[in-house]
Amino acid sequence: QMEPIRLKGSGNWIDHYAYTYDPGRKPLEIPTANVMHYRDGVDPQNELKGYGVIKAAASEIVTERYIDELTSFVLRNSGIPGLIVKQRPQEKGVMVAFTPEERAELREDIIARTTGSRRGEPLILEGDAEVDQFRVSFEGLDLSPILNRLEARISGAIGWPAILAGLWAGLEQATYANARTLMEFATEMALIPLWMDESEATTLFYGPQTFMV
């Protein structure tokens, strides 16, 4: 809701901040003295704004969403028949097809005996036919290697171990012992440097005698 603004022809780095508190109203102009602006990296589309590691990893996060949508689409739209009825060849290998009436009657009979209150009843087919149970394998939809790679890259970008973030890429190796060790490692390698950077930025911005409430 806050945007740094540099007026056209201005010699200032930032003239003010535009605060959009209501989309239907004109944004408020907030003086630069009233804003603490931390910029992590530089946005290639706007040099006044930062470009954090989470934004840099946004394409990876979007890819994971696409995987979820693909799996949901396949499961939602790919109906799988339970049984397949096939006619055996008659004399001299000639296949005699079911008539439309026979197919409709057989279909209703199979549905009645495999669903509802009559499920499990014996099924006796008239004529020379056989019933096979249809099987399908979803191994081709196993996208876990891609998900693990995406989660590992996101974890590396933010500097936080996948085990502590609860990502699947780390849960396979998670134990109490290594989780506790990783907590110490993450605090020393990720949190403490971040706290020091924030502390130095605040001190430089406001001065050592400034108190914030």
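A residue counts as buried when its relative accessible area is under 20%, as exposed when this area is over 50%, and as partly exposed in between. Keep these cut-offs in mind for the views below, which come from a predicted model.

**View 1. Ile154, a residue of helix α4**. Helix α4 covers residues 144–158, and Ile154 is found there. Is Ile154 buried or exposed? With a relative accessibility of 15%, Ile154 falls under the 20% cut-off, so this residue counts as buried. Another residue to look for in this view is Leu167, which sits 13 residues from Ile154 along the chain. The C-alpha atoms of Ile154 and Leu167 are separated by 9.8 Å.

**View 2. The whole chain, as a starting map.** The chain contains seven helices and five strands. Read from the N terminus on, the elements follow the order β-β-β-α-α-β-α-β-α-α-α-α. Of its 213 residues, 15% count as buried. The chain exposes about 16,300 Å², and carbon and sulfur atoms supply 57% of that area. Among contacts between residues at least 6 apart in sequence, 43% join residues at least 24 apart.

**View 3. The largest nonpolar core**. In soluble globular proteins, nonpolar side chains tend to be buried together. Here, five residues make up the largest such core: Ile14, Tyr17, Ile30, Val35 and Leu48. Which residues does Leu48 touch, leaving aside those up to four places away in sequence? They are Pro4, Ile5, Arg6, Trp13, Ile14, His37 and Arg39. Ile14 therefore appears twice in this view, as a member of the core and as a residue that Leu48 touches.

**View 4. Two salt bridges, Lys49 with Glu3 and Glu47 with Arg6**. Side chains of opposite charge can pair when their charged atoms come close. A search of the whole structure finds four salt bridges. In one of them, the side chains of Lys49 and Glu3 meet at 3.3 Å, N to O. Lys49 lies in the loop between β3 (28–31) and α1 (53–56), while Glu3 lies in strand β1 (residues 2–5), so this pair ties together parts that are 46 residues apart in sequence. Lys49 is partly exposed at 26% relative accessibility, and Glu3 is partly exposed at 34%.

Glu47 and Arg6 also meet through their side chains in a salt bridge, at 3.1 Å, N to O. Glu47 is in the loop between β3 and α1 and Arg6 is in the loop between β1 and β2 (16–19), so the pair links parts that are 41 residues apart in sequence. Both partners are partly exposed, Glu47 with a relative accessible area of 42% and Arg6 with 34%.

**View 5. Helix α3 and the residue Gly116**. Helix α3 covers residues 100–114. How far should its 15 residues span? At 1.5 Å a residue the expected span is 21 Å, and the end C-alpha atoms are 21 Å apart, which agrees. Arg107 forms a salt bridge with Glu108, with the closest N and O atoms 3.2 Å apart. Glu108 is partly exposed, at 46% relative accessible area. Just after α3, look for Gly116, which takes a positive phi of about 70°.

**View 6. A nonpolar patch on the surface**. Ile192, Leu194, Trp195 and Met196 make this patch of about 400 Å². Met196 has its place in helix α7 (residues 176–206). Its relative accessible area is 47%, so Met196 is partly exposed.

Conventions: Residues numbered from 1 in each chain as written. Predicted model: local features only at pLDDT ≥ 70, side-chain atom pairs only at ≥ 80, totals over all residues. Heavy atoms only, no water. Core = buried A, V, L, I, M, F, W, Y, C linked by side-chain atoms within 4.5 Å. Buried < 20%, exposed > 50% of the residue type's maximum accessible area, 1.4 Å probe, protein only. Contact = heavy atoms within 4.5 Å. Patch = residues over 30% accessible without salt bridge, like charges linked within 9 Å, V, L, I, M, F, W, Y side chains within 5 Å. Areas by Shrake-Rupley, 256 points an atom, 1.4 Å probe, with all protein chains shown as cover. Helix = DSSP H or I, 4+ residues; strand = E, 2+ residues; numbered from the N terminus. Expected span 1.5 Å × (residues − 1).
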